[in-house]
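Me: I am new to this structure and would like to learn how to read it feature by feature. Could you take me through it slowly?

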Amino acid sequence: MSEKSAARPAGARWALIITSVAGFMAALDNLVVTTALPSIRADLGGGLSDLEWTVNAYTLTFAVLLMFGAALGDRYGRRRFFLVGLAIFTGASAAAALAPGIDALIAARAVQGIGAAILMPLTLTLLTTAVPAERRGMAYGIWGAVNGLAVASGPLIGGGLTEHISWHWIFWLNVPIGLALLPLARLRLNESTAPDARLDVRGTALISLGLFGIVYALVNATSHGWTSGRVLTGLIGGAALVAAFVRHGITADKPMLPMRMFRNRGFAAINAASTLMYVGMFGSIFLLSQFLQNVIGYGPTEAGLRMLPWTGMPMIVAPIAGYVSDRIGGRPVATAGLALQAIGLGWFALIVSPHMSYAAQFPAMIVSGAGMALFLAPATSLLMGSVRTAQQGIASGTNNALREVGGALGIAALGSIFAAQGGYGSASLFVDGLVPALWVGAGVLTVGVVAAALYPRRQSGGATPVAAGEPSAHALQSTT
């Protein structure tokens with residue numbers, strides 16, 4: 001079957017459904033386990049470090065293998081490795097639900113991250129080849145809305161399932177969905193590869209180990225301190241390996257990530273903006289969800305429900321933002337989204353207090369949620385439109401890896417600011433730490449506004465520019 005037939009409406013709809021649902025599962029497991037940790041500890045035992053690794057094992061393997069997952073799909077077939085990643089993720093979810101002890105659960109979470117790292121970047125390339133260029137903005141908007149909602153609603157879903165059924169169901173939930181998607185993906189998605197794609201083993205090792213070191217250091221910084229041996233070793237060693245990867249990308253014949261891609265102002269700008277957005281968003285949601293529970297006194301499910309004006313906005317606004325970006329360009333929409341997020345966090349920082357009412361929080365949540373949605377919708381279109389067709393797989397992997405690293409950095413950095421200025425000792429002490437952390441988050445997002453504004457106007461549309469001699473989407477290798 002040709003790429004042309006893959007772009008028919010029925011094929012595009014199926015591709016959007018399959019890739020959005022698969023992306024939702026992978027994104028959801030970033031934070032879904034956080035509100036279940038007390039119940040997991042009661043059932044399986046383990047100390048604080050074990051509970052930390054229950055969260056971090058997934059984040060680490062997910063972040064460091066995203067680029068390798070994209071490269072595997074480009075080389076050997078995107079649909080084929082999407083199915084491989086989905087099968088690994090589904091099987092590991094069942095293993096996590098059945099884990100007899102904390103060590104087995106941590107191992108299953110790490111394998112879950114491997115499956116997610118393979119399937120997640122391929123959702124975008126599969127969607128891109130299935131949807132006509134003139135409708136990609138809307139498709140990316142829906143895809144982004146679903147994935148953004150998954151990340152933000154993880155604590156709500158995890159808390160609800162744990163409180164009303166069992167913590168095991170935060171993992172069992174993935175199994176029937178994954179089993180349903182496997183045959184659908186095999187039958188409804190077309191196969192494609194990137195022309196002349198090959199695996200860069202040295203580059204993969206350098207970036208995987210480098211990102212592992214950096215992310216490992218970031219997720220341990222709050223509990224062990226920025227000057228501890230393990231954190232400094234991770235930061236210094238990881239940074240050295242990433243620097244070696246950058247050099248490899250400049251000097252190697254066919255590296256997995258040619259550094260010349262960052263000479264493209266559009267590619268560099270949207271990746272910088274995405275990283276900064278996740279720094280501000282992840283760090284803020286991490287602290288504000290605890291504020292609602294530890295200071296205001298809501299339970300896990302109640303706190304998640306009261307954050308829906310923020311976390312639920314992407315489902316409403318993002319498809320509209322995608323439609324608008326198809327007509328006026330994604331650059332102004334993404335820039336406005338980051339600006340609204342910065343305003344929302346600044347609003348929170350100005351009004352937050354130990355006794356604030358939910359009515360006082362509501363407008364800031366609406367503004368922050370609308371801003372997140374306005375950014376997520378066009379950001380994907382801007383990313384895919386900044387590179388050539390054959391580079392879209394690695395561009396997706398790069399962007400997702402930077403987002404994961406940005407999220408870990410946001411939690412670590414804002415958490416460190418919170419711990420230095422306040423703490424958990426009392427409601428007022430918590431607010432003392434929360435306010436400066438929120439101001440820093442707003443500042444990071446303001447820098448993101450500048451980065452997004454640097455995206456060139458001529459690439460603001462949803463169509464992918466094709467350089468001279470570069471094959472179009474229809475020229476991709478395709479089989480049924």
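**Reading the model step by step**

Reply: Let us begin with two residues: F291 and F430 are both buried. Please keep in mind throughout that this is a predicted model.

Me: Before we return to that pair, what does the secondary structure of the chain come to?

Reply: The chain comes to 19 helices and two strands. Of its 480 residues, 60% count as buried, and among the contacts between residues at least 6 apart in sequence, 84% join residues at least 24 apart.

Me: How should I read a pair of aromatic rings, and how many aromatic pairs does the count come to here?

Reply: A pair of aromatic rings is described by two quantities, the distance of the centres and the angle of the planes. In this structure the count comes to seven aromatic pairs. In one of them, the ring centres of Y76 and F81 lie 6.1 Å apart with their planes at 35 degrees, so this pair is tilted. As for the surroundings of the two rings, Y76 is partly exposed, with a relative accessible area of 37%, whereas F81 is buried, with a relative accessible area of 17%.

Me: And what are the distance and the angle for F291 and F430?

Reply: F291 and F430 also form an aromatic pair that is tilted, with 6.3 Å from centre to centre and 35 degrees between the planes. This pair links distant parts of the chain, since F291 belongs to helix α12 (residues 265-295) and F430 to helix α19 (residues 427-453), 139 residues apart. Ring pairs also join F291 and F430 with F418 into a cluster.

Me: Let us turn to helices that pack together. At what angle do α16 and α17 pack, and how far apart are their axes?

Reply: For a packed pair of helices one can look at the angle, the distance between the axes, the handedness of the crossing and the residues in the contact. Helix α16 (residues 330-351) packs with helix α17 (residues 358-385) at an angle of about 155 degrees, and their axes are 7 Å apart. Because angles over 145 degrees count as roughly antiparallel, α16 is roughly antiparallel to α17. The crossing in which α16 passes α17 is left-handed, and the contact of α16 with α17 has 19 nonpolar, seven polar and one charged residues.

Me: How are α5 and α6 placed relative to each other, roughly parallel or roughly antiparallel?

Reply: Helix α5 (residues 78-97) and helix α6 (residues 102-130) pack with their axes 7 Å apart, at an angle of about 150 degrees, and they are therefore roughly antiparallel to each other. Here too we can add the handedness and the residue classes: α5 passes α6 in a left-handed crossing, and the contact between α5 and α6 has 16 nonpolar, seven polar and two charged residues.

Me: Which residues of α5 meet residues of α9?

Reply: The angle comes before the residues: α5 and helix α9 (residues 174-188) pack at about 165 degrees, with their axes 9 Å apart, and that makes α5 roughly antiparallel to α9. The crossing of α5 and α9 is left-handed. On the α5 side the residues are R79, F82, L83, L86, A87, F89, T90, S93 and A94, which meet N174, V175, G178, L179, L181, L182, A185 and R186 in α9. By class, the contact of α5 with α9 divides into eleven nonpolar, four polar and two charged residues.

Me: You named A87 there; is A87 buried or partly exposed?

Reply: A87, whose place is in helix α5, is partly exposed, with a relative accessible area of 38%. Sequence separation and distance in space can also be read side by side: A87 and L119 are 32 residues apart in sequence and 9.5 Å apart in space, C-alpha to C-alpha.

Me: What is the relative accessible area of A70, and with which residues is G69 in contact, leaving aside its neighbours within four places in sequence?

Reply: A70 is found in helix α4 (residues 48-76) and is buried, with a relative accessible area of 0%. From A70 to A117 the separation is 47 residues in sequence and 8.2 Å in space, C-alpha to C-alpha. G69 is found in helix α4 and is buried, with a relative accessible area of 0%. Leaving aside its neighbours within four places in sequence, G69 is in contact with A117, I118, P121 and L122. G69 and T204 are 135 residues apart in sequence and 9.9 Å apart in space, C-alpha to C-alpha.

Notes: Residues are numbered from 1 along each chain as its sequence is written. This is a predicted model: local features need pLDDT of at least 70, side-chain atom pairs count only at pLDDT 80 or more; totals for chains, interfaces and linings use all residues. Side-chain values use heavy atoms; hydrogens and water are left out. Axes are lines fitted to C-alpha atoms, for helices over the stretch in contact, and angles run from 0 to 180 degrees between N-to-C directions. Helices (H or I, at least four residues) and strands (E, at least two) are DSSP runs, numbered from the N terminus. Angles under 35 degrees count as roughly parallel, over 145 as roughly antiparallel, 65 to 115 as roughly perpendicular and the rest as oblique. A crossing is left-handed if the near helix is turned anticlockwise from the far one by less than a right angle, and right-handed if clockwise. Ala, Val, Leu, Ile, Met, Phe, Trp, Tyr, Cys and Pro count as nonpolar, Asp, Glu, Lys and Arg as charged, and the others, Gly among them, as polar. Rings of Phe, Tyr and Trp (its six-membered ring) pair if their centres lie within 6.5 Å; planes under 30 degrees apart count as stacked, over 60 as edge-to-face and the rest as tilted. Buried means under 20% relative accessible area, exposed over 50%, partly exposed in between (1.4 Å probe, protein chains only). Contact means heavy atoms within 4.5 Å.
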